[in-house]
Amino acid sequence: MQFYGRENELSALSHECKALTFGSRLAVVTGRRRVGKTTLLLKAAEESALPVLYFFVQRKYTEQELAQSWIAEIRTLFGLTEEDGPAKNKLSSVIRFVLKLTQTRPSVLIIDECQEIDRVNPAFWSELQEIWDREKKSSHLALWMSGSVASAIRHIFGDTSEPLFGRQDLSLTLRAFEPFLLTQIFTACNKNSSTQDLLMLYAVTGGIARYVETLVDNTDLTKQGMLDYIFSIRGEFLRNDGATVLANEFRVESPIYYRILRALAQGKTRWSELADLCEGKVISPYVERLEKQYDLISRHSPIFSTSTRGLRYRLKDPYFRFWFRFTEPATAQALAERQNWNLLIALFEDSWENFSDLTLEDWFRESYLTSDNWTQADSWWDKKGENEIDLVAVNSHTKTLEIAEVKRNRKKYNPNLLSHKITLFNNACAPLIEGYKIPSPKCLSLDDMLKITKKTGG
């Protein structure tokens, strides 16, 4: 698959390369696994036309083994002899060596999955801080560090007690492809452009670059083509990657995390529903870590609400909703082990319509949130949770609201029912929406997915 999007990120990294005139620069790039960090960094390095070193940190190697491997790459890139290099096989000594080399030859050094250095040598970060502070101004190295474990990266570079706090010149968090860009990729690769196919692509990948690339390269991007690939021998990566990502995030596995995530994947969003499934366990610390440390879930209150009552929780990544629903359950794993693909597809089809209702709502909320025209977009529900509006978009600058019901099938839209909900919404939010213009409410359906634009969002 060709390279899509990331223009702002490429521009920021290009600026870092240009700023090497004044000394070395440290950039930190984070984002969940498979989101495209490595591809972005290699693309930016290629466009810089500077010499590039790329090192991937694997925890299975010792510091000495990693250092020896890195030194060999450095010698090759800079045309050095076997005798050239640091006296000690330490990673910090390797960085010092590269900084010395770049005093006369500006270069890019990428250290991928840098958080794994903690397992190799926890003292590396303080050693690097000493070297960086001393050598930064006299060298010209673009040191780009990337990591997939958000909690670890925040600790290394964002904790005020850590040695590298405040040293980075650029911090980037790479996100999944937004709906507008995912639509561009889809229409370029699927000439039939069925909205059912696009919804399937979003449900399975959530816009995560590696998953999108896998389906682009191996399927025709039709719903049936994607199903036939995922539920086959060839689709093992997409079926199993959820376990890999969570294992790297959690490090110490807890069944409570999985129970909460499974419940959210099944559409249970209220605190009471999550607590009931955890058999009396105190879930507050688990929920807090899933939200703030692991960035896997998000909490929501009714839009314009000033109260913390009635909070709801959602999985942030559509891929995990798909994974927990269709490939993680023991039944699905047993069927995959027996290669009973037809039954797996049949079970998926039985649940697809109801399952994808929530996915479609997520699609339009994300479309509005990432557009140029709206400052906020979310749902609204009353205190009892009996009346709910799927989408309320807000432009606080122009004092404009847009209200919509999301239906897969437009024929199921009931304008009178939505009008009743809007009346309740107006009464509940009256002081906060005073002066706002509210155009006629509308229905957003499958038919509208290909009509979104970056400007309007819907």
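**Exercise 1.** Is Phe-355 buried or exposed, and what is its relative accessible area?

*Solution.* The model is a predicted one, in which local features need pLDDT of at least 70, side-chain atom pairs count only at pLDDT 80 or more, and totals for chains, interfaces and linings use all residues. Residues are numbered from 1 along each chain as its sequence is written, and side-chain values use heavy atoms, with hydrogens and water left out.

Step 1. Take the classes: buried means under 20% relative accessible area, exposed over 50%, and partly exposed in between (1.4 Å probe, protein chains only).
Step 2. Phe-355 has a relative accessible area of 2%, so Phe-355 is buried.

**Exercise 2.** How many aromatic pairs does a search of the whole structure find? Classify the pair of Phe-55 and Trp-70, then the pair of Phe-326 and Phe-355.

*Solution.* Step 1. Rings of Phe, Tyr and Trp (its six-membered ring) pair if their centres lie within 6.5 Å; planes under 30 degrees apart count as stacked, over 60 as edge-to-face and the rest as tilted. The search of the whole structure gives 28 aromatic pairs.
Step 2. For Phe-55 and Trp-70 the ring centres are 4.5 Å apart and the planes are at 5°, so this pair is stacked.
Step 3. Helices (H or I, at least four residues) and strands (E, at least two) are DSSP runs, numbered from the N terminus. Phe-55 belongs to strand β2 (residues 52–56) and Trp-70 to helix α3 (residues 63–78), so the pair ties together parts that are 15 residues apart in sequence. Both Phe-55 and Trp-70 are buried.
Step 4. Phe-326 and Phe-355 make an edge-to-face pair, at 4.9 Å centre to centre with 75° between the planes.
Step 5. Because Phe-326 is in helix α16 (residues 318–326) and Phe-355 in helix α18 (residues 341–369), this pair ties together parts that are 29 residues apart in sequence. Phe-326 has a relative accessible area of 7% and is therefore buried.

**Exercise 3.** Which rings lie under the charged end of Lys-43 and under Arg-312?

*Solution.* Step 1. The test is that NZ of Lys or CZ of Arg is within 6 Å of the ring centre and within 35 degrees of the ring normal.
Step 2. Lys-43 has its charged end over the ring of Phe-3, 5.5 Å from the centre of that ring.
Step 3. Arg-312 lies over the face of Trp-381, 4.2 Å from the ring centre.

**Exercise 4.** What does the disulfide count come to?

*Solution.* Step 1. A disulfide is a pair of cysteine sulfur atoms within 2.5 Å. By this rule the count is zero.
Step 2. For Cys-114, which is in no disulfide, the nearest cysteine sulfur belongs to Cys-17 and is 18 Å away.
Step 3. Cys-114 has 0% relative accessibility, so Cys-114 counts as buried. Cys-443, at 6%, also counts as buried.

**Exercise 5.** Where do Arg-6 and Lys-399 lie, and what are their phi values?

*Solution.* Step 1. Arg-6 is placed in the segment before α1 (7–18). Its phi is near 65°, a positive value in a residue other than glycine.
Step 2. Relative accessibility is 11% for Arg-6, so Arg-6 counts as buried.
Step 3. Lys-399 is in the loop between β9 (388–395) and β10 (400–406), with a positive phi near 55°, again in a residue other than glycine.
Step 4. Lys-399 counts as partly exposed because its relative accessibility is 38%.
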